[in-house]
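Colleague: Could you take me through one part of this model, the ligand site, and then point out any odd backbone spots elsewhere?

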Amino acid sequence: MEFSTQTSTDLTQINTEALAVGVFKNQVLSPAAELIDQASQGAIRSVLESEFKGDAKTSLVLRQLNGVAAKRVVLIGLGEQKKYNAKAHATAEATFASYAKAASIKEVVSTLASIDTADSSISDRSRAAAQAIGAANYHYDATLSTKNNPSQIERAAIWSAPTESSAVEVGLLQGKAIANGVNFTRLLADLPPNICTPTYLAQEAKKLGEQFDHLKVEVLERKQIEALKMGSFLSVAKGSDEPPVFIVIKHSPTTPSDEAPLVLVGKGLTFDAGGISLKPAANMDEMKYDMGGAASVFGTMLAVAELNLDREIIGIVASCENLPSGRANKPGDVVTSMAGKTIEILNTDAEGRLVLCDALTYAERFNPAAVINIATLTGACVVALGDVNSGLFSNNDTLAEQIKEASQQTNDGVWQLPISDEYQAKLKSNFADIANIGSPGAGSVTAACFLARFTESYPWAHLDIAGTAWSGGANKGATGRPVPLLVQYLINQTA
Ligand code: BES
Ligand code: MN
Ligand code: ZN
């Protein structure tokens, strides 16, 4: 994918396979659409009453208009003008990108980012345009016997006023890195669990390290994990024949800075059957996505490396399987975490927190400025927030606000939920320092409260992506969330 700026003041003379112009409802044309309409003797207005209403997610193609060099002018519905915002813009770019992809068009120009919204900058909108094209280009065929090699959108230009072109360029550079990160995350997550094992993830991490000079990758195997006394993580791993891995990916800026590093920690359950507290069979295949947090750390580190951000950023992934076996955790077992806290395992299916708590303790050694963990942690989060927002929990208001800001900039929604002492009390155990489940109710909150016990020494946030990391049903597939928000957060902390 190549992205460029297009600042020709005469829109009608741009030579392209497909030129996108926006049309609002009620026959309101965007400035770009107005220019094309005038040059073509009203070719756009003539279709507004009949064929094209300007509804969001709709498009109409006009070919070979008089006085217009573009081969196709693609009208993109923007919805109501007074409701038009950054999200509606992202939807419009996605509509154009899917049209171009489906029509096998390899080169496009979009004018949509030039339409102002109150809640975005031209850089934000250029970034969104690049993300939309990246998303349209994602194609999974790794385990299909026939590869249909669909055509890709290879080149896209964003049209803007000449004075805005450097802001467009910044957005495109970031958007391309985010798109590559998202697509890497989607591929890792979509791969079947017999291929994408902890060992496979470790190999992918090493490949990343070979690709970029400023990425250093360390893979700890069972012996080394034992030496670190990660008794909680290891208790989950021992139920499976697949060996666990603990992966550390470190990005160092070219000129060392004295700012403390930012750390990401991903839950990497390459399959979660629940263990002895076995899950029901329906949709259990989707528990291959229980490494979605880990996959988002990989995608984010790829983007960070591509952008060569001027900040030390460390990605940690703790990866294993959660299976029932003769060596698996049993309800009632008490294990000792790396932090020394004992944990009573009341439900072996609440394994994510058992894996993460040791990774979060490990993160202390970096004296981090902030730690964000990302996990498909609770079904309760899907009940609470669905596939719209990821759950956000934090022990630090500044960090939570920074994450919300990045979320708003990238249309990658989050909603903050509480962690407080009343909820902490629900994790009481009679036989250990803490129980691995809380009752009754508030399953996402008590899971976050569990993690909070291990993160008291640094600013910390937890993103529960159980509802946002993948879509189920006929369009089953990974989304790549929350890579956009994570990359944006890291960019913002670096600027
Ligand atoms: N990986 C699951 C969470 C999950 C479930 C994500 C469904 C997406 C869809 C996690 O390990 C889990 O099983 N959590 C339990 C916790 C419970 C036993 C306290 C859950 O949510 O049911
Ligand atoms: Mn589970
Ligand atoms: Zn899980």
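Modeller: Here is the ligand site, followed by a helix and some backbone details. Keep in mind that this is a predicted model, where local features need pLDDT of at least 70, side-chain atom pairs count only at pLDDT 80 or more, and totals for chains, interfaces and linings use all residues. Residues are numbered from 1 along each chain as its sequence is written, chains are lettered from A and ligands numbered from 1 in the order in which they are written, and side-chain values use heavy atoms, with hydrogens and water left out.

Ligand 1 has 16 residues around it, the closest being Lys279, Asp290, Asp349, Glu351 and Gly379; "around" here means a heavy atom within 4 Å. By class, that shell holds five nonpolar, four polar and seven charged residues (Ala, Val, Leu, Ile, Met, Phe, Trp, Tyr, Cys and Pro are nonpolar, Asp, Glu, Lys and Arg charged, the others, Gly among them, polar).

Now the polar contacts, meaning pairs of N or O atoms within 3.5 Å. The side chain of Glu351 puts an N or O atom 2.7 Å from an oxygen of ligand 1. Asp290 has a side-chain N or O atom 2.8 Å from a ligand nitrogen, and a polar side-chain atom of Lys279 lies 2.8 Å from a ligand oxygen. On its own ligand 1 exposes 510 Å², and the protein buries 77% of that (Shrake-Rupley areas, 1.4 Å probe).

Next, helix α10, residues 352–362: eleven of its eleven residues are buried, so it is largely enclosed by the rest of the structure. Among them are Arg353, Asp358 and Tyr362. Buried means under 20% relative accessible area, exposed over 50% and partly exposed in between, with a 1.4 Å probe and protein chains only. Helices are DSSP runs of H or I with at least four residues, strands runs of E with at least two, numbered from the N terminus.

As for the backbone, most residues other than glycine have a negative phi, and most peptide bonds are trans. Asn149, in the loop between α4 and β7, has a positive phi near 35° and is exposed, at 62% relative accessible area. Lys229 sits between α7 and α8 in a loop, with a positive phi of about 65°, and counts as exposed at 63%. Then there are cis peptide bonds: Ser439 to Pro440 has omega near -5°, with Pro440 in the loop between β17 and α14. Arg481 to Pro482 is cis too, with omega near 0°, and Pro482 falls in the loop between β20 and α15.

Technical notes:
A polar contact is a pair of N or O atoms within 3.5 Å; within protein, one must be able to donate a hydrogen and the other to accept it, and residues adjacent in sequence count only if both atoms are side-chain atoms.
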